[in-house]
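Biologist: Could you take me through the metal site in this one, slowly, and then show me what sits around the rest of the chain? I'd like the cut-offs spelled out as you go.

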Amino acid sequence: MGRSLCDVLVKKATIADIANGRIVHDVDIAVDSGYIVDIGRHLKARALHVRQAREGIYVPGFIDSHVHIESSFLSPAGFSDLVLPFGTTTAVVDPHEIANVAGQTGLDYMLKASAEIPLDVRFMLPSCVPASPFESSGATLSAKDLEPYFQNDRILGLAEVMDVPAVLSGNEDMLKKLALARLSGKVVDGHAPLLFGSELAAYAAVGVRSDHEGS
Ligand SMILES: [Zn+2]
């Protein structure tokens, strides 16, 4: 540290140390390219701009790790305007509601409409459109439909795998979606309440690493 210039050095800030649940005073914060790169007392970092901290408590931008923006009945820009003032700077969204109605057209709209807004929007691809074969959705998204999207850097993985019967029965299209996520080095979110024992083991074995009810 101190060898290259960072963008901003904030001196003597009061911060919320969220990991340890405490407020800490007189802390310097080095920021570069929009990221906090160092925190500590009497930092030696060299910076383009050095500022004395303002009053109040400094916190990092909050990340909403799972949200369906369209469920708020707002466009991504309208959603951004409402959440940014409260500190949420990033949202990981699963547009499965709009995809259930409008398929790829809905997915493409969400990607485009969130590309150049102040909120940093990342995506998980809707894994189950429709949620199950018994649902009357407006569209279907197959593994073939989803495949090109995995190349997009804003797409982090496969969202809420809620069609548990499809996973456990080895449904070919579902297994293809899971394989596409894994092969592109992306994550798979789960949604499997009340799943136990061998069925849970089989569900986890396909690469699911979280559960919607725990998010
Ligand atoms: Zn959800």
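Modeller: Here is the metal site, followed by the core, the pocket and two loop residues. A quick caution: this is a predicted model, where local features need pLDDT of at least 70 and side-chain atom pairs count only at pLDDT 80 or more, while totals for chains, interfaces and linings use all residues. Residues are numbered from 1 along each chain as its sequence is written, and side-chain values use heavy atoms, with hydrogens and water left out.

The zinc ion has His66 (NE2), His68 (NE2), Glu160 (OE) and His212 (NE2) as its protein donors, lying 2.1 Å from it. Donors here are N, O and S atoms within 2.8 Å of the metal (3.2 Å for Na, K and Ca), and sites may look incomplete because water is not among the atoms. The angles among the four donor atoms run from 86 to 163°, and the site is irregular. For that label, four donors count as tetrahedral if all angles lie between 85 and 135 degrees; four count as square planar and six as octahedral if opposite donors are over 155 degrees apart and all others between 65 and 115; anything else is irregular.

Along the sequence, the donor residues are spaced H-x1-H-x91-E-x51-H. Histidine 66 in strand β5 (residues 62-67) and glutamate 160 in strand β8 (residues 155-161) link distant parts of the chain, being 94 residues apart. Helices (H or I, at least four residues) and strands (E, at least two) are DSSP runs, numbered from the N terminus. Histidine 66 and glutamate 160 are both buried, meaning under 20% relative accessible area (exposed is over 50%, partly exposed in between, with a 1.4 Å probe and protein chains only).

Strand β8 also turns up in the largest nonpolar core, as one of the elements giving two or more residues to it. That core has 39 residues, and Leu125, Leu158, Val161, Leu178 and Tyr203 touch the most other members. A nonpolar core is a set of buried Ala, Val, Leu, Ile, Met, Phe, Trp, Tyr and Cys residues joined through side-chain atoms within 4.5 Å. Helix α2 gives the largest share of this core, five residues. Leucine 178 is in contact (heavy atoms within 4.5 Å) with Leu158, Val161, Val167, Val188 and Val206, leaving aside residues up to four places away in sequence. A second, separate core of seven residues includes Val8, Val10, Ile15 and Val27.

Now for two polar residues in loops. Lysine 186 sits in the loop between α5 and β9 (187-190) and is buried, with a relative accessible area of 17%. Not counting residues up to four places away in sequence, lysine 186 touches Phe150, Asn152, Ile155, Leu156, Gly157 and Ala181. Serine 142, in the loop between β7 and α3, is buried too, at 18% relative accessible area. With the same sequence neighbours left out, serine 142 touches Asp173 and Lys177.

As for the whole chain, there are six helices and nine strands, and 41% of the 215 residues count as buried. Among contacts with a separation of 6 or more, 69% come from residues 24 or more positions apart. The C-alpha atoms fill a box of roughly 60 × 40 × 30 Å, taken along the principal axes.
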